[in-house]
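Biologist: Please take a close look at the aromatic rings of this protein and at the packing around them. I am new to the structure and would welcome one connected account.

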Amino acid sequence: MLKLTREILGCIPEQEGINGVANETTNLDQLQKSIAHHLKSKRFLIVLDDIWKCDSQDQWKTLLAPFTKGETKGSMLLVTTRFPKVADMVKTLDPLELRGLESNDFFTFFEACIFGDHKPEDYEYQLAGIGGKIANKLKGSPLAAKTVGRLLSKEFSREHWMGVLENNKWQNQQNNDDIMPSLRISYDYLPFHLKKCFHIFPCSLKIISLRM
């Protein structure tokens, strides 16, 4: 909670006169007062992207406390998450559920992610069947199609594609919407110096102040 609140304060543009000392404090109440002070006369949009965890309604209400003190109407909070339990906990309106693409459309898109406009001449004979089996594991997700498609495009060989298809990460797939194995497999094939660039955070956040 403290870390995320500090990140929220850090997202407010510098020209709003944020006190740098306040941003470094470990006092949650002080951080929230600073946020409330700098946003109280502003109309704002807050985006909390890809929330993985929220322990309780009380924790959620505490996080949002500084944003309830504004003097301007029309501010909005937008949350995205892949977990229905989180959506049910934080929602004030019915959630909008994004589903995967239909199978035919998805496979066309998946092939475009791999080959662009030019398929190898022996694709239908050598690789199409393997590609179809991999596509079925991606659950219609455009993100997974782009990620795994780039991986397959590195080498148009049966051995490489079978290595992706038979990767044991697929065994960890939890449900019909789970695309995390697809992303983990792509991560495994990255060079070591690129793997160090990735860190997992509970969510990413942006605050946009709207001057009216």
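Modeller: Rings of Phe, Tyr and Trp (its six-membered ring) pair if their centres lie within 6.5 Å; planes under 30 degrees apart count as stacked, over 60 as edge-to-face and the rest as tilted. By this definition, Phe-115, Tyr-123, Phe-156 and Trp-161 are linked by ring pairs into a cluster.

The model is predicted, so local features need pLDDT of at least 70 and side-chain atom pairs count only at pLDDT 80 or more, while totals for chains, interfaces and linings use all residues. Residues are numbered from 1 along each chain as its sequence is written, and side-chain values use heavy atoms, without hydrogens and water. The mean pLDDT (the predictor's confidence in each residue, from 0 to 100) is 81 for the protein, and 85% of the residues score at least 70. Of the elements (helices of at least four residues, H or I, and strands of at least two, E, are DSSP runs numbered from the N terminus), helix H6 (residues 103-115) has the highest mean pLDDT, 92, and helix H2 (residues 20-24) the lowest, 53.

Seven aromatic pairs are found in the whole structure. One of them joins Phe-44 and Phe-67 in a tilted arrangement, with 5.8 Å centre to centre and 55 degrees between the planes. Phe-44 belongs to strand E1 and Phe-67 to the loop between H4 and E2, so this pair ties together parts that are 23 residues apart in sequence. Phe-44 is buried (under 20% relative accessible area, with exposed over 50% and partly exposed in between, for a 1.4 Å probe and protein chains only), at 5%. Phe-67 also counts as buried, at 15%. Phe-115 and Tyr-123, in turn, make an edge-to-face pair with 4.7 Å centre to centre and 70 degrees between the planes. Both of these residues, Phe-115 and Tyr-123, are buried.

Trp-161 leads from the ring cluster to the largest nonpolar core (buried Ala, Val, Leu, Ile, Met, Phe, Trp, Tyr and Cys residues joined through side-chain atoms within 4.5 Å). This core has 22 residues, and Trp-161 is among those with the most contacts inside it, together with Phe-110, Ile-134, Leu-138, Val-148, Leu-152 and Val-164. At least two core residues come from each of H6, helix H8 (128-136), helix H9 (142-153) and helix H10 (158-165). H9 contributes the most, five residues. Another core, of 18 residues, lies apart from this one and includes Leu-9, Leu-64, Val-86 and Val-90.

Leaving aside neighbours within four places in sequence, Val-164 is in contact (heavy atoms within 4.5 Å) with Ile-134, Val-148, Leu-151, Leu-152, Trp-170, Ile-185 and Tyr-189. Two of these partners, Ile-185 and Tyr-189, also touch Asn-167 when the same neighbours are left aside. Asn-167 sits in the loop between H10 and helix H11 (180-188) and is buried, with a relative accessible area of 16%.

Leu-64, from the other core, is one of the buried residues of helix H4 (residues 57-64), along with Trp-60 and Leu-63. The covering around the buried residues of H4 includes helix H1 (2-11), helix H3 (28-39), strand E1 (43-49), strand E2 (76-79) and helix H5 (84-90). Asp-58 and Lys-61 are exposed, on the face of H4 turned away from its buried side. Finally, two cysteines are partly exposed: Cys-11 has a relative accessible area of 29%, and Cys-113 has one of 21%.
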